[in-house]
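Here's a quick walk through the fold below, starting from one pocket and ending up in the nonpolar interior. Have the coordinates open while you read.

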Amino acid sequence: GKFKHTSPVYIPCLKLQHRSSVSDTTDSKNAEVEDQPDSFWTFQVTCHTCEPSPVTLSAKVSYTDDTGVSWESQVDDLSILFTDLLQPIPLASCWESHEILESAQKNAYRAALFDGLWHHMSSNKHNTCIISSKALTLPANEAADILLQEFGRFLVSNKKPEDDNELCQLCFLIFVPAQFHILLECHVLACVTLVHLISDNPHLVVFLENHLHELSV
């Protein structure tokens, strides 16, 4: 499957109603208090990907009361979109917990990691990485805002273009669990936006190209 099997979540005791008695029985209103039934409960289930791709997850809930009677109910399917799989690149664990560390240092680390990964992937001799380029028909005055709105949380650098014909150059570094990466180098020109991308998972390139196409439609 595309996700690892998730073990069932057991809730050992779940009460819809709770009654509490008070010592003053002379007041009929306070003789017994009945809470309103809870309408829902929230809990979190962690899902681990085997193959990063969009998928629809299904789940069901089984109930057993104190008499031993059991029944099941189906819950709504959960659709995992391609964009739901994208995450910012994790920092070293010692950095994540370091509150004083300046954001500029973290950004410098991400930018250096971007350059290192790009060099490694582009020179990979085992053909496990794929490089692609795509031209987007985005309005020149809106292209940077559109890209930042879509991928802003993955931004590692906003470089000043050396070419006078280039308006903006943006680099994004994306982590896709469990162990994959997508790197984007975007060049915003007056007439077109060029996106060069590289990934260590060929399937991710296809998904991202389709997503970029939707942005330019």
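Start with the lining of the second largest pocket in this predicted model: its residues split into 6 nonpolar, 3 polar and 1 charged. Walking around the wall, you meet Phe3, Cys47, His48, Thr49, Ile80, Asp84, Leu85, Gln87, Pro177 and Ala178. The space inside comes to about 210 Å³.

Now for the bigger picture. The chain has 217 residues, and 29% of them count as buried. Its secondary structure consists of 4 helices and 12 strands. If you take contacts between residues at least 6 apart in sequence, 53% of them join residues at least 24 apart.

On to the interior. The largest nonpolar core holds 28 residues, and the ones touching the most other members are Phe151, Phe172, Ile174, Val176, Ile182, Leu184 and Leu208. At least two residues of this core come from each of α3, β10, β11, β12 and α4. Apart from this core there's another one, with 12 residues including Phe114, Trp118, Val156 and Leu183. That fits a general habit: in soluble globular proteins, nonpolar side chains tend to be buried together.

Aromatic pairs turn up too, 3 of them in the whole structure. One is the tilted pair of Phe151 and Phe172, with ring centres 5.7 Å apart and 50° between the planes. This pair ties together distant parts of the chain, as Phe151 sits in helix α3 and Phe172 in strand β10, 21 residues away. Both Phe151 and Phe172 are buried.

Which residues does Leu204 touch, not counting those up to four places away in sequence? The table has its partners, next to those of Leu184 with neighbours within four places likewise left aside.

| Residue | Contacts (heavy atoms within 4.5 Å) |
|---|---|
| Leu204 | Pro52, Phe82, Val176, Phe180, Ile182, Ser199 |
| Leu184 | Phe114, Phe151, Leu170, Cys171, Phe172, Ile174, Val195, His196, Leu197, Leu208 |

Leu204 belongs to helix α4, which spans residues 202–216. Is Leu204 buried or exposed? Its relative accessible area is 0%, so Leu204 counts as buried, given that the cut-off for buried is under 20%. One of its partners, Phe82, is 122 residues away along the chain, yet the two C-alpha atoms are separated by 8.8 Å.

Leu184, for its part, has both rings of the tilted pair, Phe151 and Phe172, among its contacts. Leu184 also touches Phe114, a residue listed in the 12-residue core.

Technical notes:
Residues numbered from 1 in each chain as written. Predicted model: local features only at pLDDT ≥ 70, side-chain atom pairs only at ≥ 80, totals over all residues. Heavy atoms only, no water. 1 Å grid on protein atoms, 1.4 Å probe; cavity = no way out; pocket = protein on both sides within 12 Å on 5 of 7 lines; lining within 4 Å. Points joined across faces, edges and corners; volume = space filled by probe spheres on them. Nonpolar A, V, L, I, M, F, W, Y, C, P; charged D, E, K, R; others polar. Buried < 20%, exposed > 50% of the residue type's maximum accessible area, 1.4 Å probe, protein only. Phe/Tyr/Trp six-rings, centres within 6.5 Å; stacked < 30°, edge-to-face > 60°. Core = buried A, V, L, I, M, F, W, Y, C linked by side-chain atoms within 4.5 Å.
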